[in-house]
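Work through these short exercises with the model open beside you. Try each task before you read its solution.

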Amino acid sequence: MPEQNPSVVTTRDGAVARITLNRPDRLNAITIPMMQRLRAALEEAQDEQIRCVLLAANGRGFCAGQDLTVLARQHDHHAPGDIGKILTDAYNPVIAAIRDLAKPVIGLIQGVAAGAGWAIALACDLRLAGRSARFVPAFAQLGLVPDMGGTDALVEAVGYARAIEFLLLEDAVSAEEARTLGLVNAVVDDAELNAAGDAWARRIAALPPAGVAQTKRLLRASAGHSGAAALRAEAWAQAVAASDPGHRAALDAWRQRRA
């Protein structure tokens, strides 16, 4: 029997697959089951009949990052260092699936893309933003480090100096600034986001697939985005950061504000 409200929904229109994050009431904040469903959807997109993938989100935000309510419960019942294993087992495989998929993945970003949410966006091959999009680093305030390939992809996109400024000093980057920095390929009105994404996907889907697949493979390799070493290093560093008392204090402060 199908789920009543699945956290990830997949539809298909000809050679284009659309994978949609579907926790709008939580701004699509991620959980382990949600990431497992997202990985399964990406694996299904390996179907040879699919030529391009759209990664979208329902509601007013693309993804608010890790669901902090779930993270707080994790701290209550498990060692903080377990976050490294969660990344390795449940979250990093999603990033690897996007990077390794032999067809482009286009991210459609509206509203907030925070923490792990912008890491997912950065993993996409192309990024199309609505004017409401806001990229929020979020990690430093919680005493954590960027993960899910975010360090590698961010430095590649904007350079080291701008990357560390973004992660340690920025509250948020608007869609237009993200376009200037190279974090997104284009910005459109929110009402046009889906139509613009569909148009890009149809253009790509009409191309001979072998050439598209090899172009993606070569560009990923050239940019250093095989990413396996970065994913391992981030998981280790996140476990260290999550074990520090400063992270627990920041998380407790967040819970008190929510109470």
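The exercises below concern a predicted model.

**Exercise 1. The whole chain**

Task: Find how many helices and strands the chain has, and what share of its residues is buried.

Solution:
- Step 1. Count the elements: the chain has 11 helices and 9 strands.
- Step 2. Turn to burial. Of the 259 residues, 51% are buried.
- Step 3. Add the surface. The chain exposes about 12100 Å², and carbon and sulfur atoms supply 55% of that area.

**Exercise 2. Strand S3 and its neighbours**

Task: Determine which strands pair with S3, and in which sense.

Solution:
- Step 1. Start with strand S2 (residues 16-21). S2 pairs with S3 in the parallel sense, over 6 bridges. Within this pairing, Val16 has Cys52 of S3 as its bridge partner.
- Step 2. Follow the chain from S2 through H1 to S3. This β-α-β crossover is right-handed.
- Step 3. Now take strand S4 (residues 105-109). S4 and S3 are also parallel, with 3 bridges. Here Leu54 is matched with Ile106 in S4.
- Step 4. Check the cover on S3. Cys52, Leu54 and Ala56 are buried on one side, and Val53, Leu55 and Ala57 are buried on the other. That leaves both faces covered.

**Exercise 3. A residue in a loop**

Task: Decide whether Ile50 is buried or exposed, and list what Ile50 touches beyond four places in sequence.

Solution:
- Step 1. Locate Ile50. It sits in the loop between helix H1 (32-44) and strand S3 (52-57).
- Step 2. Apply the cut-off: buried means under 20% relative accessible area. Ile50 has 6%, so Ile50 is buried.
- Step 3. List the contacts: Arg12, Ala15, Ala17, Glu44, Ala45 and Lys103.
- Step 4. Compare sequence and space. Ile50 and Asp13 are 37 residues apart along the chain, and their C-alpha atoms are separated by 9.2 Å.

**Exercise 4. Three salt bridges**

Task: For the pairs Asp47–Arg12, Asp67–Arg23 and Arg39–Glu43, say where each residue lies.

Solution:
- Step 1. Recall the principle: side chains of opposite charge can pair when their charged atoms come close. The whole structure holds 14 salt bridges.
- Step 2. Asp47 and Arg12 meet at 3.2 Å, N to O. Asp47 is in the loop between H1 and S3, and Arg12 is in strand S1 (residues 8-13), so the pair ties together parts 35 residues apart in sequence. Asp47 is partly exposed at 33%, and Arg12 is partly exposed at 46%.
- Step 3. Asp67 and Arg23 meet at 3.1 Å, N to O. Asp67 lies in the loop between S3 and helix H2 (68-77), Arg23 in the loop between S2 and H1, 44 residues apart. Both Asp67 and Arg23 are buried.
- Step 4. Arg39 and Glu43 have their closest N and O atoms 3.4 Å apart. Both lie in helix H1, 4 residues apart, about one turn of the helix.

**Exercise 5. A nonpolar patch**

Task: Identify which helix gives the most residues to the nonpolar patch.

Solution:
- Step 1. Name the members: Val155, Tyr160, Ile164, Leu168 and Leu169 form the patch on the surface. Together they have about 540 Å² of accessible area.
- Step 2. Find the helix. Helix H6 (residues 160-169) gives the most, with 4 residues.
- Step 3. Test one member. Leu168 is in H6. Its relative accessibility is 58%, so Leu168 counts as exposed.

How values were computed:
Residues are numbered from 1 along each chain as its sequence is written. This is a predicted model: local features need pLDDT of at least 70, side-chain atom pairs count only at pLDDT 80 or more; totals for chains, interfaces and linings use all residues. Side-chain values use heavy atoms; hydrogens and water are left out. Patches are made of residues with over 30% relative accessible area and no salt bridge: like charges are joined within 9 Å, nonpolar side chains (Val, Leu, Ile, Met, Phe, Trp, Tyr) within 5 Å. Accessible areas come from the Shrake-Rupley method with a 1.4 Å probe; for residues, only the protein chains shown count as cover. A salt bridge is a side-chain nitrogen of Lys or Arg within 4 Å of a carboxyl oxygen of Asp or Glu. Helices (H or I, at least four residues) and strands (E, at least two) are DSSP runs, numbered from the N terminus. Buried means under 20% relative accessible area, exposed over 50%, partly exposed in between (1.4 Å probe, protein chains only). Contact means heavy atoms within 4.5 Å. Two strands pair if DSSP finds at least two bridges between them. A crossover is right-handed if, with the strands pointing away from the viewer, the path from the first strand over the helix to the second runs clockwise.
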